[in-house]
Amino acid sequence: AAQTTTVPPFSGLRSDIDVVGKTHGERWQATYTLCSVGYFPAMHLRLLRGRLLTESEGNGSRKVAVVNQALVSKYFGNEDPIGRQVKISGLEKVPAC
């Protein structure tokens, strides 16, 4: 079981984003979903690299983002996103994992 703000095929929450340390002139936007630790296994989502959420992160003690390949391709290009910080408008900076 898992908790989430949205489920497929419905889109998530849309927000402006910034990748800390990267400059850009245009508005960057992304869609995100807030979820519990069990979301990825429940949705049968496959991890390409990095890691998923831990229990302590799922309990709100630390904010992290699991990013998809579309966001990596669009905003990181050939750079490694793991450990980088993404600022989601209305939320604090979160490291990508």
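Here is a short chat about a predicted model of one chain.

Colleague: What order do the elements of the chain run in from the N terminus on?

Modeller: Start with the tally: there are three helices and four strands in the chain. Reading from the N terminus on, the order is β-β-α-α-α-β-β.

Colleague: Is S36 buried or exposed?

Modeller: First, place it: S36 lies in the loop between β2 (29-32) and α1 (39-42). Its relative accessible area is 16%. Buried means under 20%, so with 16% the call for S36 is buried.

Colleague: Which residues is S36 in contact with, leaving aside its neighbours within four places in sequence?

Modeller: Remember that S36 sits in the β2 to α1 loop. With those sequence neighbours set aside, the partners of S36 are A2, Q3 and L53.

Colleague: And L34, how does that one count on accessibility?

Modeller: L34 also has its place in the loop between β2 and α1. Its relative accessibility comes out at 43%. The in-between class runs from 20% to 50%, so at 43% L34 counts as partly exposed.

Colleague: Which residues does L34 contact, leaving aside its neighbours within four places in sequence?

Modeller: L34 is in the loop between β2 and α1. Skipping the sequence neighbours, the list for L34 reads Q3, T4, T5 and L91.

Colleague: How far apart in space are L34 and G12, C-alpha to C-alpha?

Modeller: Along the sequence, L34 and G12 are 22 residues apart. In space, C-alpha to C-alpha, the gap between L34 and G12 is 8.4 Å.

Key. Residues numbered from 1 in each chain as written. Predicted model: local features only at pLDDT ≥ 70, side-chain atom pairs only at ≥ 80, totals over all residues. Heavy atoms only, no water. Helix = DSSP H or I, 4+ residues; strand = E, 2+ residues; numbered from the N terminus. Buried < 20%, exposed > 50% of the residue type's maximum accessible area, 1.4 Å probe, protein only. Contact = heavy atoms within 4.5 Å.
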